[in-house]
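This report goes through one protein model, from a single backbone feature to the whole chain. Please keep the sequence and the structure in view while reading.

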Amino acid sequence: MKLPVRYLIVILTFICTSVCYIERVGFSIAYTVAADGAGVNQSSKGTILSTFYYGYACSQVPGGWAAQRIGGRRVLLLSFLLWSLTCALLPLDPNRVILLVVARLLVGVAQGFIFPSIHTVLAQWVPPHERSRSVSLTTYGMYLGAALGMLLLTLVKFRGPQSVFLAEAALGASWSLLWFKYAIDPKSIASGVGELVLPINKKMDSHNKKILSAKIPWVKILTSFPVWAIVVNNFTFHYALYVLMNWLPTYFELGLKLSLQDMGSSKMLPYLNMFLFSNIGGVVADYLITRRILSVTKTRKFLNTVGFLVASLALVVIPSFRTSGGAVFCSSVALGFLALGRAGFAVNHMDVAPRYAGIVMGVSNTAGTLAGIVGVDLTGKLLEAAKAANSDLSSPESWRTVFFIPGFLCIFSSFVFLLFSTGERIFD
C-alpha cells in the first residue's frame, strides 16, 4: 500500500529532529569530557555551550521568512548540509576557543532554519485534526535524539571526543540524502501527487506565487496576545530543556558524585520519557478535538497547564533527592510533562496562523533560543559562584537556584497561556 505523502513528510521531519538533537547532546558530552580534561572552569564551559544558541537565535525569523519564500524543503536541505560539513571539519580542542566559538555559531545558524521550515512544511501538508500528532511525532524526535545522544558516551570512551563530530556529520549527510530523494515539493501537487491543506485551485502556480508574494503581517503578529502566549511558553520550555540538557551531566558528576559511564541506560530515561509523553500529548489532544470533547482552545490550554505545573514541581524538588534514582525520576517527570505541554503551545502556531506558521514559529523559537543563551550561560555563572561559596558543587544548596528558576517560569507561563491563548485562526 502506497504511503500517503504527508506521512512520509512527517516521518522524515521526525528523523530530522532526532539527528539535530543527537548533534546537540553529542557536542555537550564530547566538549564536557574534553574541557574537564583540560581543566576548563564551569563559567567558561557555560559560555562555549551557550554559543550555539546565539547563532540559533539569529536565524529563527530569517528561517521562517526563507521557508515562506523559497520553500521549507530547500531550506531544510541546505541547513543540514551546512551544519554537517561544519561538524566534519571541526577539530575539538578546548584551548582553541575562537575556532570553537565560530564553529558553534555556524552550527547554530544552520540549525536555526530547521524548525521554522518544518512548521512551514507541516502546515502545508497536515490537516488540522492530525496536527497535534504530527507535530508531537516530529517533536519527540528531539527527545529520542537526545536519548540516543547519551549513547555517544560509549563512542567517547573508546574512540575519543573527536569521533562524536564525525559520527554526527555522517548522520547529517545521510538524512540529507533521504530528504533530497524522498521529500516532495508542494508544486508536485499540480501533477496529482500528494495532498496540500492550504487552498488549491486549478491555477496552482499563480496561486502559490500570490502566497509567496503576500505581505507578511508583521505588526499584527508581533502585537498579538495569542502569539505572545506562545512565545512566553516557548521561552520557558526551552529554558528548562536546555538547562537540563547541558547541565544535567554536570549535576550527576559533580552534584551527586556519579560517573555517567557507570549509570548505564538510566541516564537516557529523562529523554525517553519526553519521547513517550510527547506522543501521549499528541494523541490525547487529537482525541479530545476529533471527538468534540473539548474545543481546540480548551484542549491546548488544558494540556499546556497540566504539563507545565507538574514539571514545575518536579524541577524544584530535584536537589532534594541525593541518589541517582531520585534525580533521574524527578528529571524524567519534569521533562516528560514539559513534553506533554507541547501539545498545547507548540501546536498553537498552526492553529492561529497556518499560512504563516513558519514565521510565527521563527518568532517563537527566537524566544526559545534566547532562553538557551540566558539559561545555559547563567547556570554556569551560578555554579561558579556556588563553588566559590561552598568550595564544591556537591551540596543541594549549590543547585537550588539552578532548578528553581525554570520551576518558577513554568508556573508563570502556564498562567499567561491560560489568559491569552486561543485555538482559533486569527491570521488569514
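Which residue just after H13 takes a positive phi? In this predicted model, the residue is Arg292, and its phi is about 60°.

**Two helices**

Helix H13 covers residues 269-290, and helix H9 covers residues 162-182. The span of each, from first C-alpha to last, is close to the value expected at 1.5 Å a residue, as the table shows.

| Helix | Residues | Number of residues | Span | Expected span |
|---|---|---|---|---|
| H13 | 269-290 | 22 residues | 31 Å | 32 Å |
| H9 | 162-182 | 21 residues | 31 Å | 30 Å |

The buried residues of H13 include the aromatic pair Tyr271 and Phe277, together with Pro270, Met274, Leu288 and Ile289. Polar residues are on the list as well, among them Asn273, Ser278 and Asp286. Gly281, Gly282 and Ala285 are also buried in H13.

In H9, the buried residues are Ser163, Val164, Phe165, Glu168, Ala169, Gly172, Trp175, Ser176 and Trp179. Their cover includes H1, helix H4 (72-89) and helix H8 (152-159).

**Cores**

The largest nonpolar core has 114 residues, and the members that touch the most others are Tyr31, Trp83, Ile114 and Leu241. Helix H1, residues 5-37, gives the most to this core, with 17 residues. Another core lies apart from it and has 13 residues, including Ile230, Val231, Val363 and Ala367. In soluble globular proteins, nonpolar side chains tend to be buried together.

Leaving out residues up to four places away in sequence, Trp83 touches Val19, Cys20, Glu23, Val107, Ala110, Gln111, Ile114, Glu168 and Gly172. Of these contacts, Glu168 and Gly172 are among the buried residues of H9.

Arg104 is found in helix H5, residues 97-112. Is Arg104 buried or exposed? Arg104 counts as buried because its relative accessible area is 4%, under the 20% limit. With residues up to four places away in sequence not counted, Arg104 touches Glu23, Phe27, Thr51 and Phe52. Glu23 is thus listed among the contacts of Arg104 and among those of Trp83.

**Cysteines**

How many disulfides does the count give? The count is 0 disulfides. A disulfide is a covalent bond between the sulfur atoms of two cysteines. For Cys16, the closest cysteine sulfur is that of Cys20, and the 4.5 Å between them is too far for a bond, since the cut-off is 2.5 Å. Cys20 is likewise in no disulfide, with the sulfur of Cys16 as its nearest. Cys16 is buried, with a relative accessible area of 0%, and Cys20 is buried with a relative accessible area of 0% too.

**The whole protein**

The protein has 18 helices and 0 strands. Of its 428 residues, 59% are buried. Among contacts with a separation of 6 or more, 85% join residues 24 or more positions apart.

Why does the radius of gyration agree with a compact globule? With 428 residues, a compact globule would have a radius near 22 Å, and the protein has 21 Å, so the two agree. Along the principal axes, the C-alpha atoms fill a box of roughly 70 × 45 × 45 Å. The accessible surface comes to about 16800 Å², and carbon and sulfur atoms account for 68% of that area.

Key. Residues are numbered from 1 along each chain as its sequence is written. This is a predicted model: local features need pLDDT of at least 70, side-chain atom pairs count only at pLDDT 80 or more; totals for chains, interfaces and linings use all residues. Side-chain values use heavy atoms; hydrogens and water are left out. Helices (H or I, at least four residues) and strands (E, at least two) are DSSP runs, numbered from the N terminus. Buried means under 20% relative accessible area, exposed over 50%, partly exposed in between (1.4 Å probe, protein chains only). Contact means heavy atoms within 4.5 Å. A nonpolar core is a set of buried Ala, Val, Leu, Ile, Met, Phe, Trp, Tyr and Cys residues joined through side-chain atoms within 4.5 Å. The expected span of a helix is 1.5 Å times one less than its number of residues. The radius of gyration is taken over C-alpha atoms; the globule rule is 2.2 Å times the number of residues to the power 0.38. Accessible areas come from the Shrake-Rupley method with a 1.4 Å probe; for residues, only the protein chains shown count as cover.
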